[in-house]
Amino acid sequence: ATPGAFPRVDSAEQRARDDDRRGILEEELRNEQNKLTGLRQEYNNGEPERRGDERNYAKYQERVAALRDSISRSEKNVEALKREIANIR
């Protein structure tokens with residue numbers, strides 16, 4: 001139960017707010033998907049190109065692990081954004 005003095009928003013204004021929110025979330029989703037695509041390309045199925053500064057194999061392994069973590073985090077972000085968009089009325 002909401003108190004009688006609680007501010008109310010008319011349906012047209014709420015719809016406009018929801019549309020704005022959806023647009024922002026969809027843009028964030030596109031950006032995150034682009035980032036994920038780039039990370040996957042760089043990861044190259046677990047065998048990214050070695051860089052010149054990675055003469056030490058341990059440094060290379062660290063970068064591979066960091067890429068794997070970044071991909072996982074980005075995939076979770078994409079799923080969360082999709083859920084959030086689906087929850088908008």
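A nonpolar core is a set of buried Ala, Val, Leu, Ile, Met, Phe, Trp, Tyr and Cys residues joined through side-chain atoms within 4.5 Å. The views below come from a predicted model.

**View 1. The largest nonpolar core has 13 residues.**
Four residues have the most contacts inside this core: L25, L29, Y43 and I71. Helix 1 and helix 2 each supply at least two of the core residues. Which helix gives the most to this core? Helix 2 does, with seven residues.

**View 2. I71 touches residues far from its own place in the sequence, beyond four places away.**
Look for L36, L39, R40 and Y43 around I71. These are its contacts once residues up to four places away in sequence are left out. Two names here return from the first view: I71 and Y43 are both among the core residues with the most contacts inside the core.

**View 3. Helix 1 crosses helix 2 at roughly 155°.**
Helix 1 spans residues 11-43, and helix 2 spans residues 57-87. Their axes come within 9 Å. How do the two helices run, roughly parallel or roughly antiparallel? The crossing angle makes helix 1 roughly antiparallel to helix 2, because angles over 145 degrees count as roughly antiparallel. The crossing is left-handed. The residues of this contact divide into 11 nonpolar, four polar and 13 charged.

**View 4. D18 sits in helix 1.**
Is D18 buried or exposed? D18 has a relative accessible area of 12%. That value is under 20%, so D18 counts as buried. Now look at its partners. Leaving out residues up to four places away in sequence, D18 touches I88 and R89.

**View 5. Q14 also has its place in helix 1.**
The relative accessibility of Q14 is 24%. Q14 therefore counts as partly exposed, since the value falls between the 20% limit for buried and the 50% limit for exposed. Leaving aside neighbours within four places in sequence, Q14 is in contact with V9 and R89. R89 is a name to remember, as D18 touches R89 too. Next, find R55. How many residues apart in sequence are Q14 and R55? They are 41 residues apart in sequence. In space, C-alpha to C-alpha, Q14 and R55 are 57 Å apart.

**View 6. Q61 lies in helix 2.**
Q61 is partly exposed, and its relative accessible area is 37%. Compare its place with that of L29, one of the core residues named in the first view. Q61 and L29 are 32 residues apart in sequence. From C-alpha to C-alpha, Q61 and L29 are 29 Å apart in space.

**View 7. N44 and N45 lie in the loop between helix 1 and helix 2.**
Most residues other than glycine have a negative phi. What is phi for N44? Phi of N44 is near 50°, a positive value in a residue other than glycine. N45 also has a positive phi, near 55°. Now turn to accessibility. N44 has 37% relative accessibility and counts as partly exposed. N45 has 76% relative accessibility. The limit for exposed is over 50%, so N45 counts as exposed.

Conventions:
Residues are numbered from 1 along each chain as its sequence is written. This is a predicted model: local features need pLDDT of at least 70, side-chain atom pairs count only at pLDDT 80 or more; totals for chains, interfaces and linings use all residues. Side-chain values use heavy atoms; hydrogens and water are left out. Axes are lines fitted to C-alpha atoms, for helices over the stretch in contact, and angles run from 0 to 180 degrees between N-to-C directions. Helices (H or I, at least four residues) and strands (E, at least two) are DSSP runs, numbered from the N terminus. Angles under 35 degrees count as roughly parallel, over 145 as roughly antiparallel, 65 to 115 as roughly perpendicular and the rest as oblique. A crossing is left-handed if the near helix is turned anticlockwise from the far one by less than a right angle, and right-handed if clockwise. Ala, Val, Leu, Ile, Met, Phe, Trp, Tyr, Cys and Pro count as nonpolar, Asp, Glu, Lys and Arg as charged, and the others, Gly among them, as polar. Buried means under 20% relative accessible area, exposed over 50%, partly exposed in between (1.4 Å probe, protein chains only). Contact means heavy atoms within 4.5 Å.
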